[in-house]
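Here is a short briefing on one protein chain. Look over the fold first, then the charged residues, then the surface.

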Amino acid sequence: MLRTLKGTVDENGNVRLLEPVKLAAECPVLVTVLDEEPADIQEITLLSEKALAEDWDRPEEDEAWAYLQEEELER
């Protein structure tokens with residue numbers, strides 16, 4: 001399961017989350033450093049739509065995710 005959490009990174013590179021997180025075990029994470037606080041989640045979504053469409057609208061992507069469509073048809 002993917003979750004997005006807000007936090008800060010100090011000048012020494014220490015990450016501090018703004019809310020507590022409980023995990024069953026250690027897990028990998030990705031940290032995205034923002035130049036500024038995003039104005040609005042909808043705005044970010046719209047701004048990233050073109051770049052994501054270029055990546056997602058490829059035959060390789062359709063093939064990789066085809067099994068999900070097959071499962072949906074079986075239901």
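In which helix does Glu 61 lie? Glu 61 lies in helix α2. The model is a predicted one. Its protein chain has two helices and two strands. From the N terminus on, these elements follow the order β-β-α-α.

**Overall make-up**

- The protein chain counts 75 residues, and 1% of them are classed as buried.
- About 7900 Å² of the protein chain is exposed.
- Carbon and sulfur atoms supply 54% of that exposed area.
- Strand β1 covers residues 7-9, and β2 covers 15-17.
- Helix α1 runs over 41-56, and helix α2 over residues 59-74.

**Glu 61 and its surroundings**

- Is Glu 61 buried or exposed? Its relative accessible area is 19%, so Glu 61 counts as buried, because the cut-off for buried is under 20%.
- Which residues does Glu 61 contact, leaving aside neighbours within four places in sequence? They are Asp 55 and Trp 56.
- Glu 61 also pairs with Arg 58 through their side chains, in a salt bridge of 3.4 Å from N to O.

**Salt bridges**

- How many salt bridges does a search of the whole structure find? The search finds two.
- One of the pairs is Asp 55 with Arg 58, where the closest N and O atoms are 3.4 Å apart.
- Asp 55 has a relative accessible area of 37%, so Asp 55 is partly exposed.
- Arg 58 is also partly exposed, because its relative accessible area is 31%.
- Through shared partners, the salt bridges join Asp 55, Arg 58 and Glu 61 into one network.

**Negative surface patch**

- Which residues form the negative surface patch? Asp 57, Glu 60, Asp 62 and Glu 63 form this patch.
- Asp 62 belongs to helix α2.
- Asp 62 is exposed, because its relative accessible area is 54% and the cut-off for exposed is over 50%.

**Nonpolar surface patch**

- A nonpolar patch on the surface is built from Leu 5, Val 9, Val 15, Leu 17, Val 29, Val 31 and Val 33.
- Together these residues offer about 610 Å² of accessible area.
- Where does Val 31 lie? Val 31 sits in the loop between β2 and α1.

**Arg 3, ahead of the first strand**

- Arg 3 is placed in the segment before β1.
- Its relative accessibility is 45%, so Arg 3 counts as partly exposed.
- What does Arg 3 touch, not counting residues up to four places away in sequence? The list is Val 21, Lys 22 and Leu 23.
- Arg 3 and Val 29 are 26 residues apart along the chain, and their C-alpha atoms are separated by 9.8 Å.
- Val 29 is also one of the residues in the nonpolar patch.

Definitions and conventions. Residues are numbered from 1 along each chain as its sequence is written. This is a predicted model: local features need pLDDT of at least 70, side-chain atom pairs count only at pLDDT 80 or more; totals for chains, interfaces and linings use all residues. Side-chain values use heavy atoms; hydrogens and water are left out. Patches are made of residues with over 30% relative accessible area and no salt bridge: like charges are joined within 9 Å, nonpolar side chains (Val, Leu, Ile, Met, Phe, Trp, Tyr) within 5 Å. Accessible areas come from the Shrake-Rupley method with a 1.4 Å probe; for residues, only the protein chains shown count as cover. A salt bridge is a side-chain nitrogen of Lys or Arg within 4 Å of a carboxyl oxygen of Asp or Glu. Helices (H or I, at least four residues) and strands (E, at least two) are DSSP runs, numbered from the N terminus. Lys and Arg count as positive and Asp and Glu as negative; His and the chain ends are not counted. The place of a charge is taken as NZ of Lys, CZ of Arg, CG of Asp or CD of Glu. Buried means under 20% relative accessible area, exposed over 50%, partly exposed in between (1.4 Å probe, protein chains only). Contact means heavy atoms within 4.5 Å.
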